[in-house]
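The following note sets out points for a colleague's consideration. Please read the numbered paragraphs alongside the sequence and the coordinates.

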Amino acid sequence: MGKELPILPSSPQQPGGQEEFIYSRVFCSRENSPPLRLLLDYLKSKGQIAFIPKMDPAALDDWAWVRVSVGYHRERKPIQLFCIRDRGSYQDVFEKERADFLDRVSVFDDIEGQLVREQVTRSRFIATTRLVKADVTEEGYDFNGWILEFFQENCNGIVQVDGQGFFSPKGELIVELQEISSEIDLV
């Protein structure tokens, strides 16, 4: 099982039958995101089997990936994994996400708040997971925890979960943030 990071809904029920999503992020200060093959190898080393769409094997070694579906169970909707960077096509999305979180943590003047602000400021990319709230199981939450842990450990990152806040590397809530809505959708 991944680090114990409880994930709660990020926003109230959506009207009109739209799917409601749960978002979590890792603000990473490493310059480049690792290729997907490293994530898959990490998951495998933890006894987790990831289901990914058929793709050119060379794409798994590409450092410039943007989005991938990662399944944890054949009968459940996959976790959407996004990577937005401080450069390139989605730089504007990255800058908006970073600015939004810096604004939200600016009210915390304790040491934890300062550490979170520094980490978010230094971030070079954000790995974001999106889960379908009505479809995710405990197994899915655990699987998502492993994904977050991979980026936290390998990319000098700090984990943020909507509706909860920022977590230490030990999985302890260090800066509590109330609900926030994120609408990353890189079609």
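**Notes on the fold and its packing**

1. From the N terminus on, the order of elements is β-α-β-β-α-α-β-α-β-β-β, which amounts to four helices and seven strands. The model is a predicted one, and the remarks below should be read accordingly.

2. Some totals for the chain may be stated at the outset. The chain has 187 residues, of which 46% count as buried. Among contacts with a separation of 6 or more, 70% are accounted for by residues 24 or more positions apart. The exposed area is about 9400 Å², and carbon and sulfur atoms supply 51% of this area.

3. The seven strands form an open sheet with antiparallel pairing, in the order β2-β3-β4-β1-β5-β6-β7. Strands β2 (67–70) and β7 (173–176) each have a single partner strand, so one side of each is left without a neighbour in the sheet. On average, neighbouring strands of this sheet are turned by 25 degrees against each other, direction ignored.

4. Two helices lie across this sheet. Helix α3, residues 111–122, lies across β1, β5, β6 (165–167) and β7, and runs at about 85 degrees to β7. Helix α4, residues 138–154, lies across β1, β2, β3 (79–85), β4 (125–132), β5 and β6, and its angle to β1 is about 15 degrees.

5. How many bridges join strand β1 to strand β5? There are five between these antiparallel strands, β1 comprising residues 21–28 and β5 residues 157–161. Within this pairing, Ser24 stands opposite Val161 of β5, and Val26 stands opposite Val159 of β5. On the β6 side, β5 is joined to its antiparallel partner by three bridges. Val159 has Phe167 as its bridge partner in β6.

6. The burial of β5 deserves separate mention. Five of the five residues in β5 are buried, and the strand is mostly covered. In a regular strand, side chains alternate between the two faces of the sheet. In β5, Gly157, Val159 and Val161 point one way, Ile158 and Gln160 point the other way, and all are buried.

7. Backbone geometry should be checked on either side of β5. Most residues other than glycine have a negative phi. Asn156, although not a glycine, has a positive phi of about 50 degrees. Asn156 is found in the loop between α4 and β5, and with a relative accessibility of 46% Asn156 counts as partly exposed because this value lies between the limits of 20% and 50%. The hairpin of β5 and β6 has three residues between the strands, and there Gly163 takes a positive phi near 80 degrees.

8. The aromatic pairs number nine. One of them is formed by Phe27 and Phe166, which are tilted, at 5.9 Å centre to centre and with 40 degrees between the planes. This pair links distant parts of the chain, since Phe27 belongs to strand β1 and Phe166 to strand β6, 139 residues apart. Are these two residues buried or exposed? Phe27 is buried, with a relative accessible area of 0%; Phe166 likewise counts as buried at 0% relative accessibility.

9. A further pair involves Tyr72 and Phe143. Their ring centres are 6.1 Å apart and their planes are at 35 degrees, so the pair is tilted. Tyr72 is in the loop between β2 and β3 and Phe143 in helix α4; the pair thus links parts of the chain that are distant, 71 residues apart. Tyr72 is buried, its relative accessible area being 5%, and Phe143 also counts as buried, at 1% relative accessibility.

10. Two other aromatic features complete the description. Tyr42, Trp65, Phe125, Phe150 and Phe151 form one aromatic cluster. Which ring lies beneath the charged end of Arg130? The charged end of Arg130 sits over the ring of Phe21, at 4.3 Å from the centre of that ring.

Terms used: Residues are numbered from 1 along each chain as its sequence is written. Side-chain values use heavy atoms; hydrogens and water are left out. Two strands pair if DSSP finds at least two bridges between them. Axes are lines fitted to C-alpha atoms, for helices over the stretch in contact, and angles run from 0 to 180 degrees between N-to-C directions. Contact means heavy atoms within 4.5 Å. Buried means under 20% relative accessible area, exposed over 50%, partly exposed in between (1.4 Å probe, protein chains only). Accessible areas come from the Shrake-Rupley method with a 1.4 Å probe; for residues, only the protein chains shown count as cover. Rings of Phe, Tyr and Trp (its six-membered ring) pair if their centres lie within 6.5 Å; planes under 30 degrees apart count as stacked, over 60 as edge-to-face and the rest as tilted. A charge sits over a ring if NZ of Lys or CZ of Arg is within 6 Å of the ring centre and within 35 degrees of the ring normal.
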